Amino acid sequence: MFSLFGIGFSAPLLLLALVALPILWLLLRAIPPAPIRRLFPGVLLLLGLKDDDSQSDKTPWWLLLIRTLAMAAVIVGFAGPVLNPNSDNGRSGPLLIVLDATWADAPNWQARADRVRAALDDASRDARPVAIVTLTSLGPDAPVFQAAESWRSRLAGFTPKPWLPNSTEMGDWAQNLTGSFDTFWFSDGLDRDSRASSLATFQEHGQVTVFEIPRPVYGLQPATVEDGAIRLNVLRAGVLNDAQIEISAHGPDPSGVERLLASVDLEFESGETSGEVLLSLPAELRNRVTRFSIDGQRSAGAISLTDDALKRREVALVSGSSEREGLKLLAPTHFLQQALEPTADLIGGTMGDILLANPDVIVLADVATLPETESDGIAEWVDNGGLLLRFAGPRLAASDIGRALEDPLMPVRLRAGGRTVGGAMSWGEPKKLREFQEGSPFFGLSIPDDVRINAQVMAEPDPNLSDRVIAALADGTPLVTRKRIGQGQVVLFHVTANAEWSTLPLSGLFVQMLERLAVSTAPARPDAADLAGTTWVASEVLDAFGTLQDAKNLAGVPGEDIANGVPGAGLLPGLYTGSDRKIALNVIGQETVLAATSWPANVDVQGLDVVRETALKALLLTLAMALLGLDILASLWISGRLLGPRSVVVASIFALLLMPVSDANAQSESFALDATTELVLAHVITGNTRVD
């Protein structure tokens, strides 16, 4: 686009018509030749007569100026003047628009879209073919350059993604780039290893211009528990001035309505890239928290979803025998207490008090029979989603519970007597555990070589037995069985909770099995070995703007991918559900580091501010019509007919002409000359003061 004095012209060749204005001025100043004097006696008869119509022999200079300005306004108006034109320094050729389109772009995505739209307008005006790509959704093929107009309608379909570009995919895609083109790179402001190589690739094909907003980018790491308090760590990059942010905890109230449960302030000193704060909440309130968010930051990086790792489950321990002083290691619940105390809240009391407390888990260690009232209460509690975890022992082995008929609070029927080393059903030697099968909540856990089973209660063969076995011995004997009841479940360990019948409670496998059953929660994120062999299904996912949405029917993902914690197109951030627990996959992990970009000196870095173009065509044509109207009124005044009926007609015609042209929203690029306009232009050119 040709520019002159800060004003661009879409049809600059029309400005050459301004050269004709001096010629027009001379033509308008020309007057007819002076009349020849002849003596005629009959002229005496005209003495004393008055001519109402008088005409000057010379056009006034100010009237010539009005007509000249009107014509100049018409010429400049049709040249398509634009105030504050967006310019790309007059470059031509293909233009590649690259968008990072990550979660860090989400807070000002609309500003980026506006700047891209302005770039498309420039490219359309200069007839430059354009291609638009997003680095978070790269295809295998090279970009296709098309007319800029074809991208305008598709621009709304480009949205940021809640993950970062994959460097491997970017490298493969860059190899398909061919030809010469300029690049407009819209950066999210975060530094990555792939920046330098991508920039070098783009510079090989043409000039690169980077668009980036100097602003702070915040990221909220997953919440952790430290000495009973919640530790929240916030990262930031970009502009590192003094700042104060507010972190809010959200979750359902007792009625299930999402509420703001708590908030805490965090102050950043100038230059600080991270900060942390502790938030103390009662256990009941902490268990309700579903997410933490940084107020005022609309991005997935400012959201930290919570899972079972943050919640302290309430576990009730009920023993079939009282502890004897000096024999704590033989107490049925000793090893359970040692395994659960760091990660769960243990409660006790009578069964009536326990049911009123509505714990997450009730553990019965060698408890054989229960009163009918307590049994009915536990069955109702399990049906509503509780987990009843039972351990065998001498009392259970000696009782007749679940012998003839299956007990409602037992997963399987039991044989009388049990099985011990050297007993009637002798093994000859202690047995090892068989590898956990796929479909078991323990699938993927490694079994230590020193775990041995010396005694157990035996399950009675039953058509449903194979479906309820989740752990077995090397010879196939069921070791752990499970039965679902309503929304809850009953799990039976066929060994004792202490070391009397096996070495299982002495191993770390025992704690891992409790975690897999969601009896306790791990204080740290599970690693790939912990989740090996498991499959997880997304229940809710995050978009780039930090909005939690229903996952619908997304396919399940391996537990190893969840443990790696790297969101991508095939692994969306959100909440993933396993057999008995949930894991949150957040955009910002514990190992994430945020750093601002650093561009080389030879790269032009611009902001996203766009100076709005203002088309002046309608304004200039309106001015021309106004000047022509003034010209007619002045001509009528000179001829003495300003107040006549013709002046009223002329004024009405020009009022009608000016109405559509002077509309503030009129941006039309066409201007039709009707019969009246032709009459007015003819009047200006000929200088005729008569319009009838």
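## Close-ups of a predicted model

**View 1. Ile97 and its opposite number.** In this predicted model, Ile97 sits opposite Ile132, a residue of strand 5. Strand 4 covers residues 95-99, and five bridges tie it to strand 5, with the two running parallel. If you're new to sheets, strands pair through backbone hydrogen bonds, either parallel or antiparallel.

**View 2. The five-stranded open sheet.** Zoom out a little and you'll find five strands in the order 5-4-6-7-30, paired in parallel. Strand 5 (130-134) and strand 30 (604-606) are at the edges with a single partner strand each, so one side of each has no neighbour in the sheet. From one strand to the next, the twist averages 20 degrees.

**View 3. A helix lying across the sheet.** Helix 3, made of residues 109-125, lies across strands 4, 5, 6 (182-186), 7 (208-211) and 30. The angle between helix 3 and strand 4 is about 175 degrees.

**View 4. A hairpin with a glycine in it.** Here strand 22 (residues 469-472) and strand 23 (residues 478-485) run antiparallel, joined by three bridges. Val469 stands opposite Thr481 of strand 23. Five residues come between the strands of this hairpin, where Gly476 takes a positive phi near 95 degrees.

**View 5. The second largest pocket.** This pocket holds about 790 Å³ of space. It's lined by 31 residues, and the closest to its centre are Lys311, Arg313, Asn358, Pro359 and Asp360. Strand 16 (313-319) and strand 24 (488-493) are the elements that each give two or more residues to the lining. What kinds of residues make up the lining of the second largest pocket? The split is 13 charged, eleven polar and seven nonpolar.

Notes
Residues are numbered from 1 along each chain as its sequence is written. This is a predicted model: local features need pLDDT of at least 70, side-chain atom pairs count only at pLDDT 80 or more; totals for chains, interfaces and linings use all residues. Side-chain values use heavy atoms; hydrogens and water are left out. Two strands pair if DSSP finds at least two bridges between them. Helices (H or I, at least four residues) and strands (E, at least two) are DSSP runs, numbered from the N terminus. Axes are lines fitted to C-alpha atoms, for helices over the stretch in contact, and angles run from 0 to 180 degrees between N-to-C directions. Contact means heavy atoms within 4.5 Å. On a 1 Å grid over the protein atoms alone, a cavity is a set of points where a 1.4 Å probe fits but cannot get out, and a pocket is an open set with protein on both sides within 12 Å along at least five of seven lines; lining residues have an atom within 4 Å of a point. Grid points are joined across faces, edges and corners, and a volume is the space filled by probe spheres set on the points. Ala, Val, Leu, Ile, Met, Phe, Trp, Tyr, Cys and Pro count as nonpolar, Asp, Glu, Lys and Arg as charged, and the others, Gly among them, as polar.
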